[in-house]
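User: I'd like a close look at just one part of this model: how its helices pack against each other. Could you walk me through that, and tell me how far to trust what I see?

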Amino acid sequence: MSSSAKAEAILALNRFGMGPRPGSIAAIETDPRGALIAELERPYAALAASSALPSSTKAFRTVADANAKRQARATLAKREQEAKRKQMADASAMAPPAMAEGATQDSKEQASKEQDGKEMAEKAAADAVPDPGRPIYLQEVKIRTEAALNADIGLTERLVWFWSNHFCISADKIQSMSGAYEREAIRPHVLGRFVDMLLAAEGHPAMLFYLDNTISMGANSTAGINRSRGLNENLARETLELHTLGVRSGYTQDDVISFANVLTGWTWVPAGGDPEHGGEFSFNPRLHEPGAKTVLGKLYEDGEVEQGRAVLRDLAIHPATATHIAGKLARHFVADVPPPALVETMAKVFHDTGGDLKEVTKAMVSSPESWTGPATKLKLPCEWTVGMVRAAGMTQTDPVRFTAGQTLLGERLWRPPSPKGYADDEATWIDGMGRRLDIANNFSERAADKVDPQDVIENVLGSCVSADVKQAVGRAESRQQALALLFMSAEFQRR
Amino acid sequence: MTFHRHLHSRREALIGAGALFAWTQMPKLARAEGRDPRLLVIVLRGALDGLGAVAPVGDPDWIGLRGDRALVLDGKTPALPLDAFFALNPAMPNLHRLYKAQQASIIHATATPYRERSHFDGQDVLESGVARPGAVDTGWLNRALMALASDGQVDLRGSRALGVGAVTPLVVRGQAPVMSWIPQKLLLASDDTRARLLDLYQHTDPKLAVALQARIRLAALGPAAGPDDPFADNPALPPGIARIRAYVAEVAGTAARFLAKPDGPRVGAAGFVGWDTHINEGAAAGQLANLLGALDGALAAIETNMGEAWHETVVAVITEFGRTARINGTDGTDHGQGTVAFLTGGALKGGRMIADWPGLKAAQLYEGRDLKPTTDLRAVLKGLLRDHLRVDERVLASTVFPDSADVAPMAGLVG
């Protein structure tokens, strides 16, 4: 096979996939672009391993139940201690009175004992009822990461990562639902229609809670009047600015307010109120601002939950959305400044197909502009880490170690610092090179007894590394150092 | 209860994830005048509620606007008087002390030229110094340093230090070399491995070489962490606001230790997130009070760790925009316009509230909802850069803050 075919296979794996594994270059080098299309055409298989995981609402209720139990235990323990103290106090009251000077000291000791007692009660309760949220999160991390490690090429998984970041929520606000949200709202639609993903994401309880819509209510709604509370613009603004049209695309502050009113009533069933349905999506007419509303110049008649769906359907096929999504996809996969012709082609396909994301992705991987540019993109920390583990031929991960690594690299999984998600340009991440080296060093230390650096160069990277890299690896003082240099090389980090 | 637990932990992590800083050395700066000035910029991301931080208690419309959420001098937690008109949030006793000692000034009803309400665009304008968002990928602080370098005041060749941070704030990004740092521990790669990798990058990828070299230079400056570094060996920190306080003080305090070193950097920037108080803002005793308290602790840590250099220091605390003048439907505030900027440091001619007060009546609010900006924040920043760092005024108007020729630098802030 010619070296250019090999180079294109490597580019396909790095730019559009999860990075080469032993044997993966040879598997696709006869037709790399065809292999990418073939992966998109493969019938979508849900994560097999995820069948054992709880749904978002089940996980939410499990955590809420544990919190309630823990609180009850702590309360009981506190009561017992108070009863004991009272008994002792009664007993000492029978004894001769203490000297006045000592009494103050006693009351101080008493106060400090009370504080100790409270902390002990809380600690005992926490030990007796551990938080189930963290293990659920870690299990979700493990299954998601291993799907990326085991993918042949991994384009579909890359799309899941991209869209999950586009419609991000944060596990810092709602850990219980964070993994299940991606499986329920994002994963089923990455090769489907944008409108379906939009409806699933904005209507998901995790999103409604993350962007404060669960407590937003119309000023003229029944609850708004009775409780003197009102609107929260957060979900409406971020839907317009980040999820659909894009910032500075022509909508106004009035559109934000009007859309926020449209979305009032999109909430969830409170955890404590319903043991079987707590956490599920619920449209609550009592919170909904009554009446017709105008968004982006179009009048929407009052149709309760359907009013919001109608606005979202229109946003999903708006020309500004097509441009925004096409630009963001191309920027993520191809270049920080993508070729305008590529973005135009993708936006046109988005528009012509009514937002068919499989067709938009196909247009991207079959456009010549996606292949001609040099590998200037710096891999995101998550891409780089998974690529390193794949290159070492490993298929399993320890989620505790993995999440700790992502934290150090500044890209905590499902915990972005804002609704905008993580940026994916070089300028954002290049100053993290020092930290990457430390991670590469740590990983190489653990992998050095199983992985031969020369094998990685020949079998994983298809010998497509510069003479400088080969020389540095050849001269390294140890296998560990050789691997670290290899994983830190420009060839390995850029795509 | 569940709700508050989640909210709390989100704020906590937001601060952790976004906080880091970067700086550039400028050893020769102002030596000719016998000065060695330091400038630290702290960006509060998420939009600080200026009215919740510094209340116009003398405005007759103040109580009417915020009702029982208004900070007042005779409240349960009384606001700290600054002058006859303004009072400081009670969570900031250190800043109040510095103000009384004429080492702090506060600018009110200030904003960048940005008049929309997107955080991300707003931060872009704030940090880039360019009125149009998304126009450039460099920050005003970095361009100011480039201007000093071209003047021969700073030797950038000697200043390339190192970056460990995951994300560098835009305000210091640019051509002048930047190093960054983030307070977490890990088994580090050896000096030898680092040197080999640097050699490899120099042959294959100059950009990666620059990024890595910056870190090696910082390491050569020696450890910045003090013996009381709470992150040194024990990652287990107290939960909730105590953790935020510890983290923010640690980041700011470490920045100060670096800035105080005789051969250390002279300019730095840090970002703290979490100020987007849409729900249950709690200016007097809740969320916002906690965050302001953490910021106040950070300012105290900077003052302490700067030591003697505090007398040559200015710390500028800025945010992308303010919040709605009224409380929203969920006991918080939404995105607005005018807000405050805090300046503190021994080099300031402080003890002053600087405000061209626009008033709080409905007709006086911007678009009937936000505090109207009457002081261009660029005037403040230009004043500091001109009088503290000696950046040429024409350069300030052309390359540091392009299109700001009609915004005169504010005089008399330092001195």
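Analyst: Let's get one term straight before we start. A crossing counts as right-handed if the near helix is turned clockwise from the far one by less than a right angle, and as left-handed if the turn is anticlockwise. Also keep in mind that you're looking at a predicted model.

With that in hand, take helix α6 (residues 133–150) of chain A and helix α19 (residues 381–391) of chain A. Their axes come within 9 Å and cross at roughly 55°. Angles from 35 to 65 degrees fall between roughly parallel and roughly perpendicular, so α6(A) and α19(A) are oblique to each other. The crossing of α6(A) over α19(A) is right-handed. On the α6(A) side, the touching residues are T145(A), A148(A) and L149(A), and they meet V386(A), V389(A) and R390(A) of α19(A). Sorted by class, that contact has 4 nonpolar residues, 1 polar and 1 charged.

Now go to helix α12 (residues 234–243) of chain A and helix α13 (residues 253–263) of chain A. Here the axes are 8 Å apart, and the packing angle is about 120°. The roughly perpendicular range stops at 115 degrees and roughly antiparallel needs over 145, so α12(A) and α13(A) are oblique too. α12(A) passes α13(A) in a right-handed crossing. If you want to click through the side chains, α12(A) brings L235(A), A236(A), R237(A) and L240(A), while α13(A) answers with D255(A), V256(A), F259(A), A260(A) and L263(A). By class, 7 of these residues are nonpolar and 2 are charged, with no polar ones.

Closer to the start of the chain numbering there's the pairing of helix α1 (residues 3–16) of chain A with helix α3 (residues 32–41) of chain A, whose axes come within 9 Å and cross at roughly 35°. From α1(A) you get E8(A), A9(A), A12(A) and F16(A), and from α3(A) you get P32(A), A35(A) and L36(A). The class count for α1(A) with α3(A) is 6 nonpolar and 1 charged, again with no polar residue.

As for trust, chain A has a mean pLDDT of 91, and 95% of its residues reach 70 or more. One stretch to skip over is residues 98–103 of chain A, where pLDDT stays under 50 and the model has 2 contacts beyond four places in sequence. Chain B averages 82, with 80% of the residues scoring at least 70. In chain B, pLDDT stays under 50 over residues 157–166, for which the model still has 54 contacts beyond four places in sequence. Residues 222–239 of chain B also stay under 50, with 17 such contacts. For the model as a whole, the scores are ipTM 0.84 and pTM 0.78.

Definitions and conventions: Residues numbered from 1 in each chain as written. Chains lettered and ligands numbered in written order. pLDDT = per-residue confidence, 0-100. Contact = placed C-beta atoms within 7 Å. Axes fitted to C-alpha atoms, helices over the stretch in contact; angles between N-to-C directions. Helix = DSSP H or I, 4+ residues; strand = E, 2+ residues; numbered from the N terminus. Nonpolar A, V, L, I, M, F, W, Y, C, P; charged D, E, K, R; others polar.
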